[in-house]
Amino acid sequence: MVKKIRASVPAKVILFGEHFVVYGKRALATAINRRLAVEVSSREKEGYHVKIENIPTFGLEMDLEHKKEGNIKALPYKDYDAVTKATAYVKESIVYLEERYGIGGEGVEIEIKSEIPLSAGLGSSAATCVATIAALKEYFGVSGDLEGIRNDAHHVEKAVQGAASPVDTAISTYGGYVLVEKGEVKRLHLPELDLIVGCIGSIPLSMDTKKASEMGLKTKRIVEEVKVRKESFKEIFDSIFDASDAITAQALNAIENCDFVKLGALMNINHGLLDAIGVVPRRLSELVKMSQGSGALGAKVTGAGGLDEMGSVGSVLVLPGESVDRIKATMEIAGAFVMDVKTGEEGLKVANTY
Ligand code: PMV
């Protein structure tokens, strides 16, 4: 029987504190019940063959062959780095594991199936890193624990993006809820929430290929823009950042006490702060306003946010209260890909079939 390893991980949403967490403020994130799976098996031909399918609005298949003595970076695909976000993370995972643990030397088939929209702030990059690393480590018999996988994945994410907080890789690995404070990751047990996520996931037809490929590094660009604004308006931004920290602290309390009215109000305030630091493009702003107007207890951008010139691609998180159907219909009319999600999903699962 063919040896096959399957690693699957959850998507994430940041409930509170995105962007502010980059500067040491608290952020609360949770895993949601949308998963990405990586299957690793052998193939006769040397090199890596990667097949990515089922990612909403996106799919591709390509050969990632490389010469044994050569560097995997010197691939025949000139635009390899720019092809997609997903392949950049797969490639970097392979390079990292080959250098760190000496894996490789045989033909490997990597198949990725995902329910996580790309570039939408739902942790698809971290999910790709964690699942690829976990599956390849298991396949090549590299021993280690969850902590090791999380560290490897965080390293790879930083190598691709230049900077990344540990939030996404922690959630993909551990699942559940995670609080990040001053770079430290703390796992929390909190009650499950029913939420709605609305994604603006389509790339406008007017967008050129260069811009479309830059989409994979959207988070990096937005984080850099926030940094520039923060330097220009230091005192004002310091107060906004402190306010976000206080919101996260109160939100933790509201979730523990199942106080959904307070939780929703805190989401709305958090959204206002994200708008203030300039990460809310028009279409995501509309989604938030329309959800709030349709009876949501709270709504906010989740993740990095978006840019108008990149078609507002990104996601909005909604605490619906009683008006679930009305809110979903409104969001769909506004052009969003809408998902019902539950928080606290299980983390990394690795299955071994021979
Ligand atoms: O949109 P995402 O999933 O890449 O989330 C980014 C969250 C930020 O706080 C903006 C950056 C980070 O590394 O925490």
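Contact here means heavy atoms within 4.5 Å of each other. With that in hand, let's look around this predicted model.

## Helix H11 and its two sides

A good place to start is helix H11, which spans residues 324–333. Which of its residues are buried? They are Ile327, Lys328, Thr330 and Met331. Viewed down the axis of H11, these buried residues fall within an arc of 160°, so they line one face of the helix. As general background, an α-helix has 3.6 residues a turn, so residues three or four places apart point the same way. On the other side of H11, you will find Asp325, Arg326 and Ile333 exposed.

What do the buried residues of H11 pack against? Their partners are helix H10 (282–293) and the strands S8 (194–200), S10 (314–319) and S11 (337–342). Just after H11 comes Gly335, where the backbone takes a positive phi of about 95°.

## An open sheet of four strands

Strands S8, S10 and S11 also belong to a sheet. Four strands form this open sheet, in the order S9-S10-S8-S11, and their pairing is antiparallel. At the edges sit S9 (298–302) and S11, each pairing on one side only. From one strand to the next, the twist averages 25°.

Let's take a look at one pair within the sheet. S9 and S10 are joined in the antiparallel sense over five bridges. If you find Gly298, its bridge partner in S10 is Leu319. Lying across S9 and S10 is helix H9 (residues 260–276), which runs at about 40° to S9.

## Met331 and the nonpolar cores

Now back to Met331, one of the buried residues of H11. What does Met331 touch? Leaving aside residues up to four places away in sequence, Met331 touches Ile196, Gly198, Leu287, Ser291, Val316, Val318, Ala336 and Val338. Met331 is also among the residues with the most contacts inside the largest nonpolar core, together with Leu15, Leu28, Ile110, Leu136 and Ile277.

How many residues does this largest nonpolar core have? The count is 92. Helix H3 (residues 124–139) gives the most to this core, with nine residues. The core draws at least three residues from each of domain 1 (4–192 + 345–352) and domain 2 (194–342). Apart from it lies another core, of 11 residues, including Val21, Ala29, Val167 and Ala170. In soluble globular proteins, nonpolar side chains tend to be buried together.

Methods
Residues numbered from 1 in each chain as written. Predicted model: local features only at pLDDT ≥ 70, side-chain atom pairs only at ≥ 80, totals over all residues. Heavy atoms only, no water. Buried < 20%, exposed > 50% of the residue type's maximum accessible area, 1.4 Å probe, protein only. Helix = DSSP H or I, 4+ residues; strand = E, 2+ residues; numbered from the N terminus. Arc of directions from axis to C-beta. Pairing = 2+ DSSP bridges. Axes fitted to C-alpha atoms, helices over the stretch in contact; angles between N-to-C directions. Core = buried A, V, L, I, M, F, W, Y, C linked by side-chain atoms within 4.5 Å. Domains from an automatic or database assignment.
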